[in-house]
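Reader: I have a model open and would like to learn how to read the place where its chains meet. Could you take me through it step by step?

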Amino acid sequence: MYIVIAGGGKVGANLTRSVLDLGHEVTLIEQRHDRFGLLEEEFEHRVQLGDATELFVLERAGLARPPDLVVAVTGDDEDNMVICQIAKEHYGVEKVIARVNDPRNQSHFDLLGISPTISATSIILAMIEHEVPEHGLIHLLELRKENLEIVEVQLDADSPCVGKQVGRITLPPGSRLITIMREGQAQMADGATELKAGDQVLAVLEVGKEDELKDVLLKNR
Amino acid sequence: MKALVIGCGRVGSSVALELDRLGWDVTAIDEKEDALHRLGENWSGGFVVGHGMDIDVLRQARIEDADAVVVATDGDNTNLVIGQLAQKRFNIPTTIVRVLDPARAALYKELGLWTVCPTSTAIETLTQAVNSSAAREEVRS
């Protein structure tokens, strides 16, 4: 594959090294002179100096070929968005991957149709949530295209659904219980399954329904 | 009519003042509180301190009510992203984006964004000025 990587910081440099090891052809673009000097010592002609949002820089990096993949991993979200847009819309690059530095900008990437995106902050945050399940509901997986997510809910003795059969619980529209983890064993959640305190329930639901699901499974009213 | 001016530097502040004089209800946004000084002591329009890519800041400036948005921060890519937010997320009918790089200005114009490129204007004006003065010389000689 031919891969163009924009941004030669820690992420970009390590990524370049890794994909080169995998045998791919790579061009790395870095705009800071001092950083470029360091990268050139290691990557030689595979690194180019310039602003990867400038068309002549992208063209020099072979965007017109076009590459099989463009990865935008600079430290500026707006630059990453523009690089991916130019790659897709102007050069017809089919696959782009963008780094999201500030998770608050995620919705901007979504609005502009830039996907997939990777945010180290969001990944670490999800792991913290998983380790410290204070919120009662843990996000396990987001299925962005389908607008669905899979969450885990930890039931305790106060949960209003404990002692009820799954079939008798009125779940919010657009949500389903998938499995129940009990004493280290997973079982499919069918209508007759009775929920118990200590159960870890996996649920699939439409994005934005978390609070409604929490009301049904966790909050005693 | 309400206008938002995002980026209150030399260009943004002058646009804000001029629109205000023409009777627009103007709110300016800038990251730096100091930028307010550019609008003068008698500025009666709105001013919000914050980044134009921050949805909360845009809402605070009541972007939903805006008829026009002018984006003129000092970063081309920042402007291109904010312009697309105004256009696509908030459906502002008149969104105008200042882009200094002629290549990106042309590319995003093709993509449906109203870009204005002062660099291109300067290039044209300078070239024409030189060329027409040469023509005058030729007539004289």
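Author: Gladly. Let us begin with what a contact is: two residues are in contact if their C-beta atoms, placed from the backbone, lie within 7 Å. Keep in mind that this is a predicted model.

Reader: With that rule in hand, which residues of α4(A) meet which residues of α3(B)?

Author: On the α4(A) side they are A:E78, A:D79, A:M81 and A:V82, and they meet B:N77, B:T78, B:L80 and B:V81 of α3(B). By type, the residues of this contact divide into 4 nonpolar, 2 polar and 2 charged.

Reader: How do I describe the way two helices pack?

Author: Two packed helices are described by the angle between their axes and the distance between the axes. Here the axes of α4(A), residues 77-90, and α3(B) come within 8 Å and cross at roughly 75 degrees. An angle of 65 to 115 degrees counts as roughly perpendicular, and α4(A) and α3(B) are therefore roughly perpendicular to each other.

Reader: Now the whole interface, please. How many residues of each chain are in contact?

Author: The interface has 15 residues of chain B in contact with 14 residues of chain A. On the chain B side, α3 (76-89) and α4 (102-110) each supply at least two residues. The most comes from α3(B), with 8 residues. The side of chain B that touches chain A divides into 7 nonpolar, 4 polar and 4 charged residues.

Reader: Back to α4(A). Is this helix mostly covered or hardly covered?

Author: Burial is a matter of counting neighbours: a residue is buried if 20 or more other C-beta atoms lie within 10 Å of its own. By that count α4(A) is mostly covered, with 11 of its 14 residues buried. Among them are A:M81, A:V82 and A:I83, and also charged residues such as A:D77, A:E78 and A:D79.

Reader: And how do I check the length of a helix?

Author: Compare its end-to-end distance with the span expected at 1.5 Å a residue. For α4(A), the first and last C-alpha atoms are 19 Å apart, close to the expected 20 Å. After this helix comes A:G92, with a positive phi near 70 degrees.

Reader: What does the same check give for α5(B), residues 118-140?

Author: The 23 residues of α5(B) should span 33 Å, and the end C-alpha atoms are 33 Å apart, which agrees. As for cover, α5(B) is hardly covered: the count of buried residues is 0.

Reader: Where does α5(B) fall in the order of chain B?

Author: At the end of the pattern, which reads β-α-β-β-α-β-α-β-α-β-α along the sequence. Chain B has 5 helices and 6 strands, and its C-alpha trace spans about 65 × 40 × 25 Å along the principal axes. Of its 141 residues, 39% are buried.

Reader: How is chain A divided into domains?

Author: The domain assignment gives domain 1 (2-122) and domain 2 (134-217). Taken over C-alpha atoms, the centres of these domains of chain A are 39 Å apart.

Reader: One last residue: where is A:G174, and what is it in contact with?

Author: A:G174 is in the loop between β8 (148-154) and β9 (175-182) of chain A. Leaving aside neighbours within four places in sequence, A:G174 is in contact with A:L205, A:E206 and A:K209. With 15 C-beta neighbours inside 10 Å, A:G174 counts as partly exposed.

Notes. Residues are numbered from 1 along each chain as its sequence is written. Chains are lettered from A and ligands numbered from 1 in the order in which they are written. This is a predicted model: local features need pLDDT of at least 70, side-chain atom pairs count only at pLDDT 80 or more; totals for chains, interfaces and linings use all residues. Domain bounds come from an automatic or database domain assignment. Helices (H or I, at least four residues) and strands (E, at least two) are DSSP runs, numbered from the N terminus. Axes are lines fitted to C-alpha atoms, for helices over the stretch in contact, and angles run from 0 to 180 degrees between N-to-C directions. Angles under 35 degrees count as roughly parallel, over 145 as roughly antiparallel, 65 to 115 as roughly perpendicular and the rest as oblique. The expected span of a helix is 1.5 Å times one less than its number of residues. A residue is buried if 20 or more other C-beta atoms lie within 10 Å of its own, exposed if 12 or fewer, and partly exposed in between; C-beta atoms are placed from the backbone.
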